[in-house]
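Here are a few exercises to work through with the model open beside you. Try each task before you read its solution.

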Amino acid sequence: MSDTSSSLFSGPQGKVWYLLYCKAKEEGRAVMHLANQGIDAFYPKANITKVLRGKRQTVEEALFPNYVFAQLDHDVHNFTSVRSTRGVIGFVKQGKDYQKVPTQLIQNFIELEAVESVDKKVPSKGAKVMIESSAYNNIQAIYQEPKGESRAVLLIQLLNKPVLIEMNNNDYYVMK
């Protein structure tokens, strides 16, 4: 056989990113066990603000639940051991072939995770804030609690009496 005909039958060479399907909430475990095998693995995460037990909290969750990207070298890694890794159910397939993922897409996800969030941090109860709205411009207030996703309850002094008001999150800033 000539070199050209043997290259037609050879599979991918070098490192290729693949998509793996994992058990629910076990993306981190799968990435850890894949790393123990010398395999680069990654799953994009996002910080999501939720109201849990009546309090607003920011939690880190998988952007694509149950999916992990793994970079495998066909000359080095054993695909059977990857399928039997703790937390991994198997490869995602497109037809009979394993689903490949473009390297540029993985690089974009990694870069996005490195960028700091520009959202304002939720102040803690009792934090001093300065109001910047037309009705209460440059009035100091004390942050009390969140009111839904985009509003907050603030305590101000009005005619020498403490008064609770609701403000949009964009209408105040935390004083340093």
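The exercises below go from the whole chain to its cores, a loop and a strand.

Two notes on the basis come before the start. This is a predicted model, in which local features need pLDDT of at least 70 and side-chain atom pairs count only at pLDDT 80 or more, while totals for chains, interfaces and linings use all residues. Residues are numbered from 1 along each chain as its sequence is written, and side-chain values use heavy atoms, with hydrogens and water left out.

**Exercise 1.** Find how many helices and strands the protein chain has, and what share of its residues counts as buried.

*Solution.* Begin with the DSSP runs (helices are H or I, at least four residues; strands are E, at least two; both are numbered from the N terminus). The protein chain has 4 helices and 14 strands. Next, take burial (buried is under 20% relative accessible area, exposed over 50%, partly exposed in between, with a 1.4 Å probe and protein chains only). Of the 176 residues, 30% count as buried.

**Exercise 2.** Work out which elements supply the largest nonpolar core.

*Solution.* A nonpolar core is a set of buried Ala, Val, Leu, Ile, Met, Phe, Trp, Tyr and Cys residues joined through side-chain atoms within 4.5 Å. The largest one has 17 residues, and Leu 20, Leu 34, Leu 72, Val 82 and Phe 91 have the most contacts inside it. At least two residues each come from β1 (15-22), α2 (27-36), β5, α3 (79-83) and β6 (88-91). The largest share, 4 residues, belongs to β1. Apart from this core lies another, of 11 residues, including Ile 131 and Met 167.

**Exercise 3.** Decide whether Asn 66 is buried or exposed, and find what it touches.

*Solution.* First place the residue: Asn 66 sits in the loop between β4 (55-62) and β5 (67-73). Its relative accessible area is 17%, so Asn 66 is buried. Then list its contacts (heavy atoms within 4.5 Å). Beyond four places in sequence, Asn 66 touches Leu 20, Tyr 21, Cys 22, Lys 23, Ala 24, Lys 25 and Glu 27. Phe 64 lies in the loop between β4 and β5 too, but Phe 64 counts as partly exposed because its relative accessibility is 34%.

**Exercise 4.** Identify the strands joined to β10.

*Solution.* Strands pair if DSSP finds at least two bridges between them. With β11 (residues 139-147), β10 (residues 128-131) shares 4 bridges and runs antiparallel; here Val 129 has Ala 141 as its bridge partner. With β14 (residues 172-174), β10 shares 3 bridges, again antiparallel, and Met 130 is partnered by Tyr 173.
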